[in-house]
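Good morning, colleagues. Please take a moment with the sequence and the structure before I begin.

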Amino acid sequence: MTTVRIPTATYRLQFNKNFTFRQAREIVAYLHHLGISDAYASPYFQAGAESLHGYDITDHNKFNAAIGSREDYDAWIAELHAHGMGQIADFVPNHMGINDPQNIWWQDVLENGPSSLYAPYFDIDWRPLKSDLHDKVLLPILGDQYGRVLERGELRVRFDGGSFSLTYFDHVFPIAPGTYRYILELGLENLAEFRDEDFYAEFQSIRTALEYLPRRTETNPERIKERAREKEIIKKRLERRCAEAPQVQRAIEKAVETINGHVGDPRSFDRLDELLNAQSYRLAFWRVAAEEINYRRFFDVNDLAAIRVELPEVFDAAHKLLLELVASGAITGLRIDHPDGLYRPLEYFEKLQSRCAKALRVPLPKDGRAIYLIVEKILTGDEQLPKNWPVHGTTGYDFANQVAGVLVDHNAEGAITKIFKRFVGHSLHFGHLVYAKKRLVMRISLANEVNVLGNMVDRLSEQNRWFRDYTLEALARAVRETIACFPVYRTYLEPGKPVSEEDRAVIERAVAAAKRRNPAIEESVFNFLFDLLLFRFPENLDEEQRAAHAQFVLKFQQFTGPIMAKGVEDTVFYIYNRLAALNEVGGEPQLFALSVEMFHRRNLRRQHDWPASLLATSTHDSKRSEDVRARMLAISEIPQLWGRSLQKWRTANRRFKKQIDEAEAPDADEEYLLYQTLLGTWPVDLDGAPVSSVEQEFIIRIQRYMVKALKEAKLNTSWIQPNENWDHAMQEFVAMILETGPRNKFLPVFLPVAAEIARLGAINSLAQTAIKLTAPGVPDIYQGTEIWDDSLVDPDNRRPIDYARRCEMLAKIEKVPANELMQCWPDGRIKMRLTQRLLHLRCENPELFHEGNYESLNFGGAFADCAIGFARRHRDRAIIVIVPRLSSRLGFPPVGDRWQDTHVVLSSRLSNLRDVFSNREVRAEKSQLRLAVAMSQLPFAVFRNS
């Protein structure tokens, strides 16, 4: 039987030019000492040299030179293997970065249009509604209207190595060989005096050969191959002729100079305009992207074009190097980015697992899982990962939201809601806000994607006399409204397979809500769409028509996710700031808190269904780090202090606001978010007291974060329509309220609250860390978060990590008793000690944590509501875990007699226990263990059976 390697714990590394394979090799020993079993790498295949994330892949089959060479990579892998460690690779199957000329596939498409060998690789609509874009790709990359850019001389043709290209600042675009004639005809005129020379005749021959090239609209496979071959031969002939006859080179250079025009003479750009209109692409102002772009993107990012990995040739081409690394053992696990963008996710996962089995030369296991595979699937509410996917779980966003929710005081919901409403001056209904912002995104960012769906469904309605009277506008609106009401990211219907009850319920809910919100639209239009989305097609369809109907459903499923992500994650979550710590990917901040009972149910379900799913608390996509979030969650524990303080802070800082267009900048909601963010990130000294003044670097970080938050909210400024005055007002506001001095009335009333939140947040953070490292699943440590981390949303969370400091800390902490580390909690060593000890416990007991059952523990006594506990059992081994919650009720730190008579109820089999941190023995009396004993010195407890 084939055994798949399941990690004990992973450590996420963000590779880029500032953190390379060589640097990763240097910290392998440190990670091993910490207790990590597998490095978890961000994408490291070829991407833009300046990319800090690696998701803009330009070539799946090359390593990113900015990160290191193949030799550097192999040396890192060898070091991992020497320490018995594996590597999980983050793979991007959905899209490619197209902003870099290193992307050979995309460059070929731009050069050759529909006749490109790689045209089928990208999801391009070559026949959009706008006829001017037929057989062209719209490239919305210009900073101004096309005509203005052209006549400012910013578009320049250049000649190099026998080929012509177009430059626009750092952008480089190929010129189609068939259109070289626009330039070469001028070149021939410049060579008129050399008519009798051999090179003139050769030059004419090249010009003639270009006319016989198969057209860029050619789709016959043999003609496409002929074009691909002949165009390169012509380029080499031209390059050779220029090398042998300098007169030709000079004639071409002069022609290029003429083509490029002269600033101040608009008519001189006519030739360049004609040349560009003959290309397979159309350059356009970036603002037109939402309505006219005709290639599928990753969300609304113009620089990331979707690839059709569902095609066998695309799958093979994109996975060649990946599978080679799997075969060699360099990669022992995979993370798949954005599975909701896949045309048919199940089919993709099955194929990937089959290919991995073949690469590993093992038979495909009965469960279809040949390699450890996790997917970046965002689950909302009670949504479940599809049981038929041959994967091991998610990347852990769901766990992050669950552990955050259980640390919130649900009793404070009414008070916090009232405070928020009073401060911002109005109430915000989360459901209405989500609906409105999804519609907004469909209008300003993803309009064309929705228009494509509207046109598809309109064509389908025309095929049936019962539905042909539905207008395009009615159908398109029904599509928009249904997507706006979609409660999850997407459904997973597959042609030829039964519709799952989960998918059926989602579609029923969405369509019912859309009907309710749109009583003016005839109900039968929604019914038609409803039947389509459930594969209930008219009976009289032929095979081609049924395929078209199925294609609509599959396309619809690909588009709902980006609209949910942009509308909720990237808009609503920067507006609905009642308790911003809950505004995380996949979060449901309208629910405010998760009960302890429900938290245990979720853990139990994960243990049963997905015991190897990743457990994350910080990721590269987090809105804020786990420690910042832990602090901000503590606001729910002090609603009265929070409410009183807000009014004081507002009064103290009102003088720093600006009047812009009869409104105060920043507005109340923005100010509300800022105060939460400051509490979450404010530095403390080694005594735990908040620092009285902050460094300029901190101020700049907060300014950048707030400007991004404002732009994402899309209320007073945005990425598409920046309001620079508002952005500057926000930056100045931050600078002024944080400026130290006798005139600052804010800091004296802010710092006491920051002190309280810092202490409560530290306890929350230790609690969530202990839970993550012992609950069902595989814990993931995001780079640097083994100690306190105050990072905010990217790019703030991609700052360099000081591993030298961490190595030094790790080398010394084992010699210091854990209770002494707790006394010095601000330096972060207590979090590192907690992390290391429990990671080593996992390494010592892999079966216990992977296969062991999960049992919730019950508490009694004065503070029974302030503890969470569970047991893990496997055969004769067991551990119990106890952590505090709502620790403000007990005081700081929540240890010893502060717990009074609070106790945990244990079974008789767990009466003799040994503390994994101090090695002391404790005994339960009458099946009860007092928390004053269990947590006598530390605000967490983990015991194993003696």
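I shall speak about the sheet, the salt bridges, a hairpin, the nonpolar cores and a few single residues.

Please keep in mind throughout that this is a predicted model.

Let me begin with the open sheet. It is formed by 8 strands, in the order β16-β15-β14-β5-β2-β1-β20-β17, and the pairing is parallel. At the edges stand β16 and β17, the latter covering 614–615; each has a single partner strand, so one side of each is left without a neighbour in the sheet. Strands of a sheet pair through backbone hydrogen bonds, either parallel or antiparallel. Within this sheet, strand β1, residues 10–13, runs parallel to strand β20, residues 778–782, and 3 bridges join the two. On this pair of strands, Arg12 has Tyr782 of β20 standing opposite.

Arg12 also leads us to the charged residues. Which residues share a salt-bridge network with Arg12? They are Asp90, Arg335, Asp337 and Glu376. Let us look at one link, between Glu376 and Arg335: a salt bridge whose closest N and O atoms are 3.5 Å apart. This pair ties together distant parts of the chain, 41 residues apart, with Glu376 in the loop between β15 (372–375) and β16 (393–394), and Arg335 in strand β14, residues 333–336. Are these two partners buried or exposed? Both Glu376 and Arg335 are buried.

Across the model, the count of salt bridges comes to 72. Side chains of opposite charge can pair when their charged atoms come close. I have chosen two further examples. In one, Arg237 and Glu202 meet through their side chains, at 3.2 Å from N to O. Here too distant parts of the chain are linked: Arg237 belongs to helix α8 (residues 221–244) and Glu202 to helix α7 (residues 198–211), with the two 35 residues apart. Arg237 counts as buried because its relative accessibility is 17%, while Glu202, at 22%, counts as partly exposed.

In the other example, Arg267 bridges to Asp270, and the closest N and O atoms are 2.7 Å apart. Arg267 has a relative accessibility of 63% and therefore counts as exposed; Asp270, with a relative accessible area of 33%, is partly exposed.

I turn now to the hairpin of β8 and β9. In a regular strand the side chains alternate between the two faces of the sheet. Strand β8, residues 155–160, has a covered face made up of Leu155, Val157 and Phe159, and an uncovered face with Arg156, Arg158 and Asp160. Its connection to strand β9, residues 163–168, is antiparallel and consists of 6 bridges. Arg158, for instance, has Ser165 as its bridge partner in β9. Between the two strands lie 2 residues, and in this hairpin Gly161 takes a positive phi near 60°.

Next, the nonpolar cores. In soluble globular proteins, nonpolar side chains tend to be buried together. The largest core in this model has 178 residues, and those that touch the most other members are Tyr44, Trp76, Leu678 and Leu738. Helix α28, residues 747–772, supplies the largest share of this core, namely 14 residues. Setting aside residues up to four places away in sequence, Leu738 touches several partners, including Leu678, Trp682, Val694, Phe698 and Ile699. A separate core of 67 residues lies apart from this one, and among its members are Phe122, Leu191, Ile206 and Ala251.

A polar residue also deserves attention. Asn603 lies in helix α22, residues 596–609, and counts as buried because its relative accessibility is 0%. Where does its side chain find a polar contact? The contact is with the side chain of Tyr854, at 2.9 Å. Beyond its neighbours within four places in sequence, Asn603 is in contact with Phe399, Ala775, Pro776 and Tyr854.

Finally, two brief points. How many disulfides does a search of the whole structure find? The search finds 0. Of the cysteines, I mention Cys824, which counts as partly exposed at 31% relative accessibility, and Cys866, which counts as buried at 1%.

The second point concerns Ala804, in helix α29, residues 803–813. At 60% relative accessibility, Ala804 counts as exposed. Its C-alpha atom is separated by 52 Å from that of Ala505, and the two residues are 299 residues apart along the chain.

Thank you for your attention.

Terms used. Residues are numbered from 1 along each chain as its sequence is written. This is a predicted model: local features need pLDDT of at least 70, side-chain atom pairs count only at pLDDT 80 or more; totals for chains, interfaces and linings use all residues. Side-chain values use heavy atoms; hydrogens and water are left out. Helices (H or I, at least four residues) and strands (E, at least two) are DSSP runs, numbered from the N terminus. Buried means under 20% relative accessible area, exposed over 50%, partly exposed in between (1.4 Å probe, protein chains only). A polar contact is a pair of N or O atoms within 3.5 Å; within protein, one must be able to donate a hydrogen and the other to accept it, and residues adjacent in sequence count only if both atoms are side-chain atoms. Contact means heavy atoms within 4.5 Å. A salt bridge is a side-chain nitrogen of Lys or Arg within 4 Å of a carboxyl oxygen of Asp or Glu. Two strands pair if DSSP finds at least two bridges between them. A nonpolar core is a set of buried Ala, Val, Leu, Ile, Met, Phe, Trp, Tyr and Cys residues joined through side-chain atoms within 4.5 Å. A disulfide is a pair of cysteine sulfur atoms within 2.5 Å.
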